Amino acid sequence: MSQIEGIVLNELQYKESSKILNIYTKELGKINVMARGAYRSKSKLIASTQVFSYCNYEFRNGRTFYYLLDGRVIKSFYNIREKIERTMIGFYILEVFNKSIPEEEPNETLFLFLVKALDTLSNLDENYLEFLIAFELKFISFIGYRPNIEECVSCGNKNIKDLRFSVESGGILCGDCLGKDPYSVKINKIMQNILIKLMYIPFDNIKDISFNREDLMKIQVILERYILYFVERNEFNSLNMLKSMF
Ligand SMILES: [Zn+2]
């Protein structure tokens with residue numbers, strides 16, 4: 001099979017020296033890959049089977065797995081491991097991709113978004129929460145669940161005094177439409193503006209903006225519930241550690 005671009009999302013040891021990998025690829029979508037002997041100290045597959053590695057791969061198509069024949073590293077994103085904040089956010093990004101994306105559905109835009117997110121993260125020294133929320137907003141938008149944060153999802157009201165965020169309705173609700181979702185969460189105008197800013201800001205500009213930490217934490221909790229609801233998962237394991245850090 002010709003060269004396939006991919007990023008390692010997850011690795012599992014298999015038997016003595018092999019690895020089973022989840023690789024998100026540009027051409028094939030998310031695939032399961034068997035890397036035989038990848039744990040052996042002399043294996044030529046060591047670098048290309050590390051989590052975060054972005055490589056050009058050669059596979060052989062098997063019955064249950066793709067078998068990894070060779071891999072050439074394009075970017076190792078090794079800088080992500082230099083800081084604990086980057087590492088934790090990085091693992092969360094990979095887990096979100098791994099748990100939210102169906103297998104073997106290629107999506108080049110989403111693939112390039114992952115490359116860009118990891119690239120931005122590997123150089124990030126501050127504004128970690130801003131980055132995290134921007135990632136979450138953009139990711140859910142790319143997979144088709146962009147929340148409506150500009151107007152009431154129910155009546156279209158734009159000038160809302162009593163703002164709520166409803167996970168199940170997919171965005172902002174006004175006081176008049178509160179009955180649509182009794183579990184909606186109260187937010188304020190400042191939080192709404194942060195949501196709008198972080199939804200549209202290019203990753204390259206994340207370092208130039210910063211917001212109140214408390215507002216960001218509240219928004220993050222809402223977005224976590226939002227993503228889990230739409231991807232039908234109960235939790236992201238890597239997020240528990242991440243939250244205790246913030
Ligand atoms: Zn309304």
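E232 sits in the loop that joins α5 (213–231) to α6 (237–245). In this predicted model, the phi of E232 is positive, at about 55°, although the residue is not a glycine. E232 counts as exposed, because its relative accessibility of 71% is over the 50% cut-off. Helix α5 itself also holds L228, and here the picture is of a residue turned away from the surface: L228 counts as buried, with 10% relative accessibility. Looking along the chain from L228, N240 follows at a separation of twelve residues in sequence, and the two C-alpha atoms are 14 Å apart in space.

A second positive phi is found at K15, again in a residue other than glycine, with a value near 55°. K15 belongs to the loop between β1 (4–14) and β2 (18–25). At 67% relative accessibility, K15 counts as exposed.

Two further loops are worth a visit. The loop between β4 (54–61) and β5 (66–75) contains G62, which is partly exposed, having a relative accessible area of 23%. G62 and I80 are 18 residues apart in sequence, and their C-alpha atoms lie 32 Å apart in space. The other loop runs between β8 (185–186) and α4 (189–200) and includes I187. I187 counts as buried because its relative accessibility, 9%, falls under the 20% cut-off. Between I187 and I172, which are 15 residues apart along the chain, the C-alpha separation is 9.1 Å.

Attention now turns to the metal site. The zinc ion has four protein donors, namely the SG atoms of C152, C155, C174 and C177, lying 2.3 Å from the ion. Along the sequence, these donor residues follow the spacing C-x2-C-x18-C-x2-C. Why is the arrangement of the four donor atoms tetrahedral? The angles they subtend around the zinc ion run from 107 to 117°, and four donors count as tetrahedral if all angles lie between 85 and 135 degrees, so the arrangement qualifies. For reference, the ideal angle for four tetrahedral donors is 109.5 degrees.

How buried or exposed are the cysteines C152, C155 and C174? C152 is buried, with a relative accessible area of 1%, and C174 likewise counts as buried at 1% relative accessibility. C155, by contrast, is partly exposed, because its relative accessible area of 46% lies between the cut-offs of 20% and 50%. Another cysteine, C55, is buried with a relative accessible area of 0%. A disulfide is a covalent bond between the sulfur atoms of two cysteines. A search of the whole structure for such bonds finds zero disulfides.

Finally, the surface offers a pocket to explore. The largest pocket holds about 160 Å³ of space. Which residues line the largest pocket? One stretch of the lining is made up of K116, D119, T120, N123, L124, D125 and E126, and the lining also takes in F203, D204 and K207. By character, these lining residues divide into six charged, two polar and two nonpolar.

Terms used: Residues numbered from 1 in each chain as written. Predicted model: local features only at pLDDT ≥ 70, side-chain atom pairs only at ≥ 80, totals over all residues. Heavy atoms only, no water. Donors = N, O, S within 2.8 Å, 3.2 Å for Na, K, Ca; no water. Tetrahedral: all angles 85-135°; square planar, octahedral: opposite > 155°, others 65-115°. Buried < 20%, exposed > 50% of the residue type's maximum accessible area, 1.4 Å probe, protein only. Disulfide = S-S within 2.5 Å. 1 Å grid on protein atoms, 1.4 Å probe; cavity = no way out; pocket = protein on both sides within 12 Å on 5 of 7 lines; lining within 4 Å. Points joined across faces, edges and corners; volume = space filled by probe spheres on them. Nonpolar A, V, L, I, M, F, W, Y, C, P; charged D, E, K, R; others polar. Helix = DSSP H or I, 4+ residues; strand = E, 2+ residues; numbered from the N terminus.
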